[in-house]
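Trainee: Could you take me through one part of this protein closely, beginning with a single pair of charged side chains and working outwards from there? I would like one connected account rather than a list.

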Amino acid sequence: MVKIAILGLGVVGGGVADIIADNCKLIEAQVGQPVELKYILDIRDFTGHPLEKLVVRDIDTILADDEVSIVIEAMGGAHPAYDFSLKALQAGKNVVTSNKLVVAEFGAELLEVAKEKGVRYLFEASVGGGIPIIRPMLESLAGNDICEVCGILNGTTNYILTRMKRGGITFDAALKEAQDAGYAERDPSADVDGIDSCRKICILAGLAFGILPAPETVSAKGIRSVTLRDLADAEAAGCSLKLVGRACSSDEGKTISVAPCFVKGTNPLAGIEDVYNGILVRGNALGDVMFYGMGAGKLPTASAVVSDIIDIARGGSMTAHWTAAPEGSFTDGEDAVSEYCIRLPRKLDQAAIKEADGEYTYIVEVAGSMLAKNYPDVIAAYKMI
Ligand code: HSE
């Protein structure tokens, strides 16, 4: 019998408890023995809840119980999620998490502690919700030198951009719809300001290149300033406006960034709408491979957590190997010349792709770092990928 404990019976923790209960026979068949939920750590009142008897208030109850071999951290936030994960690993327990903040900020340290203790720290659910991406990158693509990983990594912002485009509604109205639909948090900053995408692209960069960039060193822009005219410009350019996290490695060095971009119609990421996520990985042997699916939500995310639990319970050994990236390992890539779609309050000596309300939209080739100098009156500028 494999006994587990869930830290935090919120959306993801509740989903894990549901899947463990609903699919218990299937999971037992996969693992070769039953997987039983022994404890739930939560400070809230669960009087009358079917799992009330499993609720404990003190992490030490779980840490002191030798029967518990897997701890699922589904608390969210940095603290005490990081502290409890560290303690659980130090106590010789495997830890599974969906917490991208903790993985992106403390993953290098936690993986090291797991290695020292001979246990595992797994985080399939931290990127792409239910999409299998971590394990495929570690296992299926292991024979590739990965030169690029690029994705729509945040379901909430993709939903907002889709609603703006399809419904012709403003950012504020679409954000309200996302909040009413339960996608966006009441404080939507982590989603709409690109912070969540930034953590996720850092994790993917760690997997791709073996060094984990610190999220606070990454240039991350969000979608608050996106207007309906920007979306119309994207359409005129044959593109879709998407919030994209991108990390690349070449002879010139490594780059990482998060920004709203004009994704060309030929790029498979262009067609990804609503709360879906898509991640494109480019390997030197395989070429391009795309991962697509539900990037958020209770059961999709819990499904990824349960896959990690099953992996540990079966005795698997796959693990990420990365170290914290030394300062200066990554740049924002803005010194390289690239195609941009820009909008100006004046005409250039070239054909505009759109003209309306005294504003003219052009496609130009320029280094991002030179945009403000070359076009000081630029109203909007989006890199085209
Ligand atoms: N807030 C995140 C999103 C949840 O919208 O994608 C999944 O990480």
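Mentor: Let us begin with Glu 36, which forms a salt bridge with Lys 3, the closest N and O atoms being 3.7 Å apart; please keep in mind throughout that this is a predicted model. The two partners come from distant parts of the chain, since Glu 36 lies in strand E2 and Lys 3 in strand E1, 33 residues apart. The backbone brings them together as well, for the bridge partner of Lys 3 in E2 is Glu 36, and the two strands, E1 (residues 2-7) and E2 (residues 35-41), pair in the parallel sense over 6 bridges. In general, the strands of a sheet pair through backbone hydrogen bonds, in either a parallel or an antiparallel arrangement.

Stepping back from that pair, one finds E1 and E2 within an open sheet of 6 strands, ordered E3-E2-E1-E4-E5-E6, with parallel pairing. Strand E3 (55-56) and strand E6 (121-122) stand at the edges, and because each has a single partner strand, one side of each is left without a neighbour in the sheet. The salt bridge with which we began is part of a count that comes to 30 for the model.

The loop after one of these strands deserves a careful look, for Pro 80 sits between strand E4 (68-73) and helix H4 (81-90), and a cis peptide bond with omega of about 10° joins His 79 to Pro 80. A second backbone feature is found at Asp 274, in the loop between strand E11 (253-264) and strand E12 (276-283), where phi is near 55°, a positive value in a residue other than glycine. Both can be set against the general pattern, in which most residues other than glycine have a negative phi and most peptide bonds are trans.

To place these parts in the whole chain, we can turn to the domain assignment, which gives domain 1 (2-134 + 298-324), domain 2 (142-294 + 326-331) and domain 3 (337-383). The C-alpha centres of domain 1 and domain 2 lie 27 Å apart, and 23 residues of domain 1 are in contact with 22 residues of domain 2. Between these two domains about 1800 Å² is buried, with carbon and sulfur atoms giving 72% of that area. On the domain 1 side, Ala 104, Ile 131 and Trp 322 lose the most area to domain 2, together accounting for 31% of what that side buries.

Polar and charged groups also take part in this interface, where 4 residue pairs are found in polar contact and the count of salt bridges is 1. Helix H5 (100-117) and strand E14 (323-324) each supply at least two residues of the side of domain 1 that touches domain 2, and the largest share of that side, 7 residues, comes from H5. By class, the same side has 14 nonpolar, 7 polar and 2 charged residues.

One residue of H5 lets us follow the chain a little further, namely Ala 108. Leaving aside neighbours within four places in sequence, Ala 108 is in contact with Leu 212, Trp 322, Thr 323 and Ala 324. The last of these contacts joins residues well separated in sequence, as Ala 108 and Ala 324 are 216 residues apart along the chain while their C-alpha atoms are separated by 5.8 Å.

Technical notes:
Residues are numbered from 1 along each chain as its sequence is written. This is a predicted model: local features need pLDDT of at least 70, side-chain atom pairs count only at pLDDT 80 or more; totals for chains, interfaces and linings use all residues. Side-chain values use heavy atoms; hydrogens and water are left out. Two strands pair if DSSP finds at least two bridges between them. Helices (H or I, at least four residues) and strands (E, at least two) are DSSP runs, numbered from the N terminus. Domain bounds come from an automatic or database domain assignment. Contact means heavy atoms within 4.5 Å. Buried area is the accessible area (1.4 Å probe) that two parts lose on being put together, summed over both. A salt bridge is a side-chain nitrogen of Lys or Arg within 4 Å of a carboxyl oxygen of Asp or Glu. A polar contact is a pair of N or O atoms within 3.5 Å; within protein, one must be able to donate a hydrogen and the other to accept it, and residues adjacent in sequence count only if both atoms are side-chain atoms. Ala, Val, Leu, Ile, Met, Phe, Trp, Tyr, Cys and Pro count as nonpolar, Asp, Glu, Lys and Arg as charged, and the others, Gly among them, as polar.
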